Amino acid sequence: MTDYVVPPPAISAVPIMGSSQLFPVRRIFCVGRNYAEHAIEMGSDPTREPPFYFTKPADALVINDGDMPYPSMSKSLHYEMELVVAIGTGGVNIAVADALKHAWGYCAGLDMTRRDIQNEAKKTGRPWDMGKGFDHSAPMGALVPAAGIDPARGLIELKVNGKVVQSSDLSKLIWSVPEVISNLSHLVRLAPGDLIMTGTPEGVAAVVKGDLLEGVVAGVGTVRTRIV
Ligand code: MN
């Protein structure tokens with residue numbers, strides 16, 4: 001048995017709908033500005049420039065409808081409702097036409113963002129990590145296997161305290177799911193266990209302690225968390 005000098009990290013994992021099995025998480029990649037209306041609301045040009053990525057640590061997951069603690073050092077915690085792709089088969093330089101074969105499944109997720117820290121980082125040209133990759137910043141619902149799911153279309157919606165705050169359709173993704181998998185696989189070798197958060201539609205805003213967030217991606221599933 002390997003003799004580690006400190007306890008090795010636990011494996012982060014996402015539950016699977018209707019199963020006791022788990023999906024082990026290796027990395028969490030996130031696509032920035034992948035719906036035109038959201039790019040516009042963030043002050044960007046929504047023309048089809050190549051996608052860009054940031055990451056969250058695997059242990060940023062919040063699962064099983066768990067609570068999300070309001071993060072430190074921020075007065076502007078924003079929600080971003082997203083479709084999440086779980087990579088089952090790794091690869092490099094994956095062709096768009098082959099990309100969906102690399103998806104194990106899909107879930108609904110929230111790219112929670114310390115918007116004030118992210119905005120300061122944008123202004124100063126510094127990394128987004130502390131705005132995006134903080135503890136508990138990735139609430140996710142259960143995964144469903146890819147078979148039978150067409151990530152090219154379907155309602156994506158988020159309610160805060162029962163009121164719809166984001167409502168769009170996967171067909172409005174600037175870069176489609178197969179295009180994102182292919183593009184990212186040209187930058188890094190994708191591996192089983194990688195998750196890709198595919199971007200959020202318009203309507204992002206701040207939440208406060210006590211708020212209940214309930215998201216749905218039609219045909220995929222739900223994500224639910226309360227800010228505490
Ligand atoms: Mn996002």
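1. Two strands count as paired here if DSSP finds at least two bridges between them. With that in mind, a friendly word before we start: this is a predicted model, so please read the points below as notes on a prediction.

2. Let's begin with the sheet. Six strands make up an open sheet in the order β4-β3-β14-β7-β8-β11, and their pairing is mixed. At its edges are β4 and β11 (144–145), each of which pairs on one side only. Helix α4 (residues 177–185) packs on this sheet and touches β3 (28–31), β4, β7 (81–87), β8 and β14 (195–197). If you want to check the orientation, the direction of α4 makes about 55° with that of β7.

3. How many bridges join β7 and β8, and in which sense do they pair? There are seven, and the sense is antiparallel. One point to look up on screen is Ala86, whose bridge partner in β8 is Gly105. As a reminder, strands of a sheet pair through backbone hydrogen bonds, either parallel or antiparallel.

4. On to β8 and β11, which also pair in the antiparallel sense, over two bridges. Tyr106 has Val144 as its bridge partner in β11, and Gly105 stands opposite Pro145 in that strand. Gly105 is thus worth a click, as the bridge partner of Ala86 and as the residue facing Pro145. Of the eight residues of β8, seven are buried, so this strand is largely enclosed by the rest of the structure.

5. Next, the metal site. Which residues donate to the manganese ion? The protein donors are Glu80 (OE), Glu82 (OE) and Asp111 (OD), at 2.0 to 2.1 Å from the ion. Along the chain these donors follow the spacing E-x1-E-x28-D. Glu80 and Glu82 are both buried.

6. For a reference point elsewhere, try Glu120, which is in helix α2. Its relative accessible area is 41%, so Glu120 counts as partly exposed. Glu120 and Glu82 are 38 residues apart along the chain, and 23 Å separates their C-alpha atoms.

7. Now the aromatic residues. Searching the whole structure turns up three aromatic pairs. In one of them, Phe23 and Trp104 are tilted, with 6.0 Å from centre to centre and 45° between the planes. This pair links distant parts of the chain, as Phe23 belongs to strand β2 (residues 22–24) and Trp104 to strand β8 (residues 103–110), 81 residues apart. Is each partner buried or partly exposed? Phe23 has a relative accessible area of 6% and is buried, whereas Trp104, at 32% relative accessibility, counts as partly exposed.

8. Phe52 and Trp128 form an edge-to-face pair, 5.6 Å centre to centre and with 85° between the planes. Phe52 sits in the loop between α1 (36–41) and β4 (53–56), and Trp128 in the loop between α2 (115–124) and α3 (129–132), so the pair ties together parts of the chain that are 76 residues apart in sequence. Phe52 is partly exposed at 24% relative accessible area. Trp128 has 17% relative accessibility and therefore counts as buried, since the cut-off for buried is under 20%.

9. Which residues do ring pairs link into a cluster? They are Phe52, Phe54 and Trp128. There is also a contact between a charge and a ring to inspect: Lys56 lies over the face of Phe134, at 5.9 Å from the ring centre.

10. Finally, two backbone details to look at. Arg33 is not a glycine, yet has a positive phi of about 40°. Arg33 is in the loop between β3 and α1 and, with 26% relative accessibility, counts as partly exposed. Asn93, also not a glycine, has a positive phi of about 50°. You will find Asn93 in the loop between β7 and β8, the two strands that pair over seven bridges.

Methods: Residues numbered from 1 in each chain as written. Predicted model: local features only at pLDDT ≥ 70, side-chain atom pairs only at ≥ 80, totals over all residues. Heavy atoms only, no water. Donors = N, O, S within 2.8 Å, 3.2 Å for Na, K, Ca; no water. Buried < 20%, exposed > 50% of the residue type's maximum accessible area, 1.4 Å probe, protein only. Phe/Tyr/Trp six-rings, centres within 6.5 Å; stacked < 30°, edge-to-face > 60°. Helix = DSSP H or I, 4+ residues; strand = E, 2+ residues; numbered from the N terminus. Lys NZ or Arg CZ within 6 Å of the ring centre and 35° of its normal. Contact = heavy atoms within 4.5 Å. Axes fitted to C-alpha atoms, helices over the stretch in contact; angles between N-to-C directions.
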